[in-house]
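Here are some notes on the model, set out as numbered points. They cover ring contacts, charges over rings and one sheet.

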Amino acid sequence: MTDQNKSKDPAQNASKDANKRGNKGERIAKVMARAGLCSRRQAEAWIGEGRVQVNGDILQTPACVVTGDDEIIVDGKRLAGKERTRLFMYHKPAGLVTTNKDEQGRETIFEKFPSDLPRVVTVGRLDINTEGLLLLTNDGELSRYLELPVTGLRRTYRARAHGHVSQNKLDKLKNGIRVGGVTYKGIDAALEKQQGDNAWVTITLTEGKNREVRNVMEAVGLTVNRLIRTSYGPFHLGTLPKKSILEVKQHMMKDQLKDFFK
């Protein structure tokens, strides 16, 4: 660089240039997430791997503020401008992994998406044997917002489980439960029906910890053999066919997620 006042750190250079232009800009990880490239956490990891350049220099830290005047290159490709936020509902079938690439060679949801679907990230995950509603978005910031426990969005599941249980026992889950060293907050569980040795239970929770439903049901004597997520916050699976994707209309998305868009 010919400017003697410039640092060898491109993060500092980009931030200083933004200040000179009177524009505070945004953290680069946030910009990458808003562009639909990845989540903010993934962006920080990519920066650590040397996959991101700002104005021709490889970025070494996510502590970089950029504006629309900065050139951002990720994996050799110029970062596109911010897209309008979009949200999709996907009816995930059992048997697919919720990841871009699986180390064990199992089929992933991304391999089954239509070619005209924009680049998206998932809102949380559903394990390989869980089916039902999975939200997708091109905005990594929205994904993070929807996932955070502090946002308080309720997730509802229908579980078919082997075993017998009473409603009285399920009601005790409202006080929370500790299973295998993990503490789960209050859960609403309602016994729908008992069919022979299988019970159908509706479960509503707000945390969404790894294998939470299966672990909690096992703690009350039930072994889940089918699990379907029917809603996530204000968004419901309804009659959406299995493997289908439906985009949430813009006005509906903004109306239901006012705190995010305000």
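1. A charge sits over a ring if NZ of Lys or CZ of Arg is within 6 Å of the ring centre and within 35 degrees of the ring normal. Arg51 places its charged end over the ring of Trp46, 4.2 Å from the centre. Lys254 lies over the face of Phe261, 5.9 Å from the ring centre.

2. On provenance: the model is predicted, with local features needing pLDDT of at least 70 and side-chain atom pairs counted only at pLDDT 80 or more, while totals for chains, interfaces and linings use all residues. Residues are numbered from 1 along each chain as its sequence is written, and side-chain values use heavy atoms, leaving out hydrogens and water.

3. There are 4 aromatic pairs (ring centres of Phe, Tyr or the six-membered ring of Trp within 6.5 Å; planes under 30 degrees apart are stacked, over 60 edge-to-face, the rest tilted). One of them, Tyr90 with Phe113, is edge-to-face, at 5.0 Å between centres and 90° between planes. Tyr90 lies in strand E7 and Phe113 in the loop between helix H4 and strand E8, 23 residues apart (helices are DSSP runs of H or I of at least four residues, strands E runs of at least two, numbered from the N terminus).

4. Tyr90 counts as buried because its relative accessibility is 2%; Phe113, at 12%, is also buried (under 20% relative accessible area; exposed is over 50%, partly exposed in between; 1.4 Å probe, protein chains only). Tyr90, Phe110 and Phe113 form one aromatic cluster.

5. An open sheet of 4 strands runs E3-E2-E5-E6 with antiparallel pairing (two strands pair if DSSP finds at least two bridges between them). Strands E3 and E6 are the edges, each pairing on one side only.
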